[in-house]
Amino acid sequence: MSVVSHIAVKVPATTANLGPGFDCIGVALKLYNEFKFTTLDDQGLIIQVSGTEAEKVQTDESNLLYQAFVKLYQYIEQTPPSVKIEIKLGVPLARGLGSSATAIVGGLVAANELAGSPVSELQIMELAIALEGHPDNVVPALLGGCRLAATSRTGWEICDIPWHRHIVPVLAIPDFELSTSEARRVLPTEVSRADAIFNTAHLGLLLRGLATNREEWLKAALQDKLHQPYRQTLIPGYDAVNAAAMAAGAYGMVISGAGPTLLALAEADQAKLIATEMANAWQKQGITSIVRSLPLDTQGASIL
Ligand code: HSE
């Protein structure tokens, strides 16, 4: 078995929605999965996984990273090469931190590099959105930073959202999982005009709050009527952790992506206390969590 080529890609975790921005806004965080692809000259697929919760990852053709890798080759109408894939996990699975998006973006970017970059970044982004079904994790995972995605007549418009440097994301990651499909199943298919207006206004306010770090705007903005009220019941201890974060000085607390991770936004000097109080609140409910302040990643997916 001789090695003919290899490529390694690093992709950041993401937190989607930020409360009122359901399915359209997300932020890349400095927490990463790494994927190394080595082409093989004989038939087969080898997938090796190490790191956080490695034993939970599929190591056959159903692996999402591999599926995205194959998708890129299908798109360029070429046969994918046989590969050995080494996955180093830093992003916890099924916690609302975009682990699936890291796999989709990682597989597409790696395949494109191995194929000699026939596909543009825009095309990769569109393929990633189609695979994931919504843009708010894959777009910041690919591009970095805080990004808003909106459909246009011809595809997608992606807007980078200014993020004031004093605003810190504080994440409380519990030791239980919640699948995105389950968290989407509980959502209504239709919403009232009042709820649509509520979210439109609050997302607008959030964008200005993120740019300015204006306390009263951020405190009002981090609310939602489209998904969180339905999902809170899937996250035991939500109310207690929310109360603890607010009492410790957070601007607000929201569900990270589809959950169950909870995300507080705060001034940098409050972040440590907020993290501790969120963890304590969950511990009182018998739930262990890892709490972390994670700065924004501004680079997105990168070749190592
Ligand atoms: N916007 C998606 C959702 C993100 O909330 O279902 C999933 O990670």
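**View A. The largest nonpolar core and the residues that touch most of its members.** Within the 40 residues of this core, Phe37, Ile85, Ile87, Val105, Leu108, Val138 and Leu142 touch the most other members, a nonpolar core being a set of buried Ala, Val, Leu, Ile, Met, Phe, Trp, Tyr and Cys residues joined through side-chain atoms within 4.5 Å, where buried means under 20% relative accessible area (1.4 Å probe, protein chains only). This is a predicted model, in which local features need pLDDT of at least 70 and side-chain atom pairs count only at pLDDT 80 or more, while totals for chains, interfaces and linings use all residues. Residues are numbered from 1 along each chain as its sequence is written, and side-chain values use heavy atoms, with hydrogens and water left out.

**View B. Aromatic rings of helix H1.** Phe37, Tyr66, Phe69 and Tyr73 form one aromatic cluster, rings of Phe, Tyr and Trp (its six-membered ring) being paired if their centres lie within 6.5 Å, with planes under 30 degrees apart counted as stacked, over 60 as edge-to-face and the rest as tilted. The rings of Tyr66 and Phe69 are stacked, because their centres are 6.2 Å apart and their planes at 25°. Tyr66 is buried at 12% relative accessibility, and Phe69 is buried at 0%. Phe69 also forms a tilted pair with Tyr73, at 5.2 Å centre to centre and 55° between the planes.

**View C. Charged side chains over aromatic rings.** Arg214 lies over the face of Trp217, 3.9 Å from the ring centre, the criterion being NZ of Lys or CZ of Arg within 6 Å of the ring centre and within 35 degrees of the ring normal. The charged end of Lys225 sits over the ring of Phe198, 4.6 Å from its centre.

Note on methods:
Buried means under 20% relative accessible area, exposed over 50%, partly exposed in between (1.4 Å probe, protein chains only).
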